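Hi there,

Here is the structure I promised to pass along. Have a look at it first, and my notes follow below.

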Amino acid sequence: MPSANQPTTIPSLANSTPNAGPVQLLPVPVPLWFRLGFRALSALAPRAAAKIGERAMLTPARAPMRESMREVLNRGERFAVELKKDRRVIAWAWGSGPVVLLVHGWGGHAGQMTTLVEPVVKAGFQAVAVDMPGHGESDGRTSSVAHFASAIERVANRYPQVYGIVAHSFGAAGSTHALVAHGLTITRAVFLAPPAQLDTMWARFREAVGVSPKIWRELVRTSENRLNLKYDKISPINYAPRMKMPLLIVHGSGDREMPFAEGAELARHWPNALLYTAEGVGHMGVLDEAGCIERIVGFLKG
């Protein structure tokens, strides 16, 4: 098993696209003390280890906010939307016109989506960026695909109609879940570096923490019971065949966090999906590369 500070090879992704070799992913940063302690606890008290592992899996890291991002947020209309159990999410809105939701990924925040605000507003839309539960300025410390979907639905309900969604990475999984499980209706969707399978994201977590197959099965069982869902049924690729709205997938060939093969696989299963390959662009680069932004806005305009 590779060490936590070495790239992770996930052989299962080698067959995601024709002629694709093993994908070398960047490791999830995990302190060595946690990795060693978790391994010891797994041997002595598997259920306790699974409980701690589940908590770690559902607790996003907090990404830093650049000043340029903060400046854009400060120019927007800041508002709060109440969720269940006295939790709320914070969002910002700019412009007027058909509403386009901007949804960040796991461990991200609304500021990361601000590179899209001006182009989207200039194209005649109202841009609305949201800090998902457990992220940014929103309440809570834990999150999940269910939390994302619920927040997206609640923010969408603030408006008579939402025209489109632009979602990055894990945000695409949350958005797809909102479209199916919560009945959200939109006209167009754009997914940036999306996963096809949720397990692709979790493989990096398992490798970094050192989660054994036995502990992982218990961890997933506990998490599914807590969230009242089955992960293998809510992956974007499983929802994709029933989707009717047009989808643009923008994925960088240089992505070492969410392999390009994932976006390509999702595009093959989603009717009316277009795939744009951003040559050499990484996971976060799809949010600010000029060619990517041009295609995102062009697609939204139809």
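In what order do the strands of the open sheet run, and what kind of pairing do they have? Please bear in mind throughout that this is a predicted model. The sheet is open, holds 8 strands in the order E3-E4-E6-E5-E7-E8-E9-E10, and its pairing is mixed. Strand E3 (77–82) and strand E10 (273–278) are the edge strands; each has a single partner strand, so one side of each has no neighbour in the sheet. On average, neighbouring strands are turned by 20° against each other, with direction ignored.

At the E3 edge, the partner to look at is strand E4, residues 88–94, which runs antiparallel to E3 and is joined to it by 6 bridges. If you want one pair to find by eye, take Arg78, whose bridge partner in E4 is Trp92.

Next, the pockets. The largest pocket has a volume of about 1,100 Å³. Its lining counts 38 residues, and those nearest the centre are Val28, Pro60, Ala61, Trp106 and Gly107. Three helices each give two or more residues to this lining: H1 (32–44), H2 (46–57) and H7 (198–209). The largest share comes from H7, with 5 residues. By class, the lining of the largest pocket has 24 nonpolar, 9 polar and 5 charged residues.

The second largest pocket has a volume of about 480 Å³. It is lined by 14 residues, with Lys84, Lys85, Ala146, His147 and Ser150 closest to its centre. Here the elements that give two or more residues are helix H5 (145–156) and helix H8 (213–227), and H5 gives the most, with 5 residues. Sorted by class, the lining of this second largest pocket holds 4 nonpolar, 4 polar and 6 charged residues.

Finally, back to two of the helices from the largest pocket. How do H1 and H7 lie relative to each other, parallel or perpendicular? Their axes come within 8 Å and cross at roughly 85°. An angle from 65 to 115 degrees counts as roughly perpendicular, and H1 and H7 are therefore roughly perpendicular to each other. On the H1 side of the contact are Phe34, Arg35 and Phe38, which meet Glu207, Ala208 and Val209 of H7. Taken by class, this contact of H1 with H7 has 4 nonpolar and 2 charged residues, and no polar ones.

So H1 and H7 turn up twice in these notes: both give residues to the lining of the largest pocket, and their axes come within 8 Å.

Happy to go through any of this with you.

Best wishes

Note on methods. Residues are numbered from 1 along each chain as its sequence is written. This is a predicted model: local features need pLDDT of at least 70, side-chain atom pairs count only at pLDDT 80 or more; totals for chains, interfaces and linings use all residues. Side-chain values use heavy atoms; hydrogens and water are left out. On a 1 Å grid over the protein atoms alone, a cavity is a set of points where a 1.4 Å probe fits but cannot get out, and a pocket is an open set with protein on both sides within 12 Å along at least five of seven lines; lining residues have an atom within 4 Å of a point. Grid points are joined across faces, edges and corners, and a volume is the space filled by probe spheres set on the points. Helices (H or I, at least four residues) and strands (E, at least two) are DSSP runs, numbered from the N terminus. Ala, Val, Leu, Ile, Met, Phe, Trp, Tyr, Cys and Pro count as nonpolar, Asp, Glu, Lys and Arg as charged, and the others, Gly among them, as polar. Two strands pair if DSSP finds at least two bridges between them. Axes are lines fitted to C-alpha atoms, for helices over the stretch in contact, and angles run from 0 to 180 degrees between N-to-C directions. Angles under 35 degrees count as roughly parallel, over 145 as roughly antiparallel, 65 to 115 as roughly perpendicular and the rest as oblique. Contact means heavy atoms within 4.5 Å.
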